[in-house]
Amino acid sequence: MDQQHPSSPSPPQESPPDQAEIASYDHVEKYANVVDPILQQLRADQPAEVDGYLGTGSDKVAFRAETPHGPVVVKVIKSHHWSHEAPPTSGDLEFIREKTLHSVTPLIRGNGLSHLEQLLSADPISGVLVTSLADGKLIKDMSSIELMSINKSHLAELQTTLDDMKERGLHPHNAGSIFFDKKSGFNFVDYAVDDDPLVHNIGDIDRLEDFIFFALADFKLLDMLANARGMKVPDSWFETTGMRAMVRAKVMRRARQLQDAE
């Protein structure tokens, strides 16, 4: 086993993980057969042209890879020396190490929690993290019909997940990191620590009602919803016309139904 899974959440850490904690995730050799080809391609191609490309974040690029143990996500710290033939400088290496430390902090804090992305391997030298692959589909990409599969048991389990995250000082980063699967429920990737000065917490969503509006609303409305706590859906949101507005109206009606459900 690569990770220990505590039976109950541990108290929030007051400081980032130390080198010993990060070293416990040193499984470079285990994942070399999928990581090395990605790093090699990055030296020659743009990230979007690399096999398995999933997306680019503020400081990392993510790729899906298949291993004998199942699919994983390979995340590589963005660095300007990718396309350089010369080896990285000491400044490059320090930058990569610091960014890796920052990235693994919430993952180590979330170790063992169900429905949270899990850290499988971390290498501060290459700036590579290997994590578990979230089940389901991104909330923001779900259709109104797909949203109808969310039921009360999913929401009850979601509240438990949010409580566990809060106990460990974690929160979902944004709606673009929330997945839903009919069997496994809601799953979170790229979550953050509450006291992270580099992450803008765009909404207090530790309550279920806040989450419903945060995650199930039209993605363009999230900026408005992020600062609204316990708000009700204005009737005016149902008055627009057009195909996109019709889909939005269905989503918002579903959100209202979920909030009003006992």
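This is a short talk about the helices, a buried aspartate and the salt bridges in one protein model.

Okay, ground rules. This is a predicted model, where local features need pLDDT of at least 70 and side-chain atom pairs count only at pLDDT 80 or more, while totals for chains, interfaces and linings use all residues. Residues are numbered from 1 along each chain as its sequence is written, and side-chain values use heavy atoms, with hydrogens and water left out.

So, the overall picture. We have eight helices and ten strands; helices (H or I, at least four residues) and strands (E, at least two) are DSSP runs, numbered from the N terminus. Of the 262 residues, 46% are buried. Buried means under 20% relative accessible area, exposed over 50%, and partly exposed in between, with a 1.4 Å probe and protein chains only.

Now, helix α2, residues 28-42. How far does α2 span between its end C-alpha atoms? Only 18 Å, where a straight helix of 15 residues would span 21 Å at 1.5 Å a residue; the expected span is 1.5 Å times one less than the number of residues. There's a kink of about 55° at V34, shortly before the proline P37. That bend is the angle between axes fitted to the seven residues ending there and the seven starting there. V34 is buried too, along with Y31, V35, I38, L39 and L42.

Helix α3, residues 90-109, also bends, by about 25° at S103, with P106 following within four residues. Here, though, the ends are 29 Å apart against an expected 28 Å, which agrees.

Next, D123, over in strand β4. D123 is buried without a salt bridge, and R43, the nearest side chain of opposite charge, is 9.8 Å away. For charges, Lys and Arg count as positive and Asp and Glu as negative; His and the chain ends are not counted. A salt bridge is a side-chain nitrogen of Lys or Arg within 4 Å of a carboxyl oxygen of Asp or Glu. Leaving aside neighbours within four places in sequence, D123 is in contact (heavy atoms within 4.5 Å) with V28, T100 and V128.

The whole structure has six salt bridges. One of them joins D190 to K75, at 2.6 Å between the closest N and O atoms. D190 sits in the loop between β9 and β10 and K75 in strand β3, 115 residues apart. Buried or partly exposed, what is K75? Buried, because its relative accessible area is 7%, while D190 counts as partly exposed at 36%. E117 joins K75 and D190 in a salt-bridge network.

Last one: back in α3, R97 bridges to E94 at 3.5 Å and to E98 at 2.3 Å.
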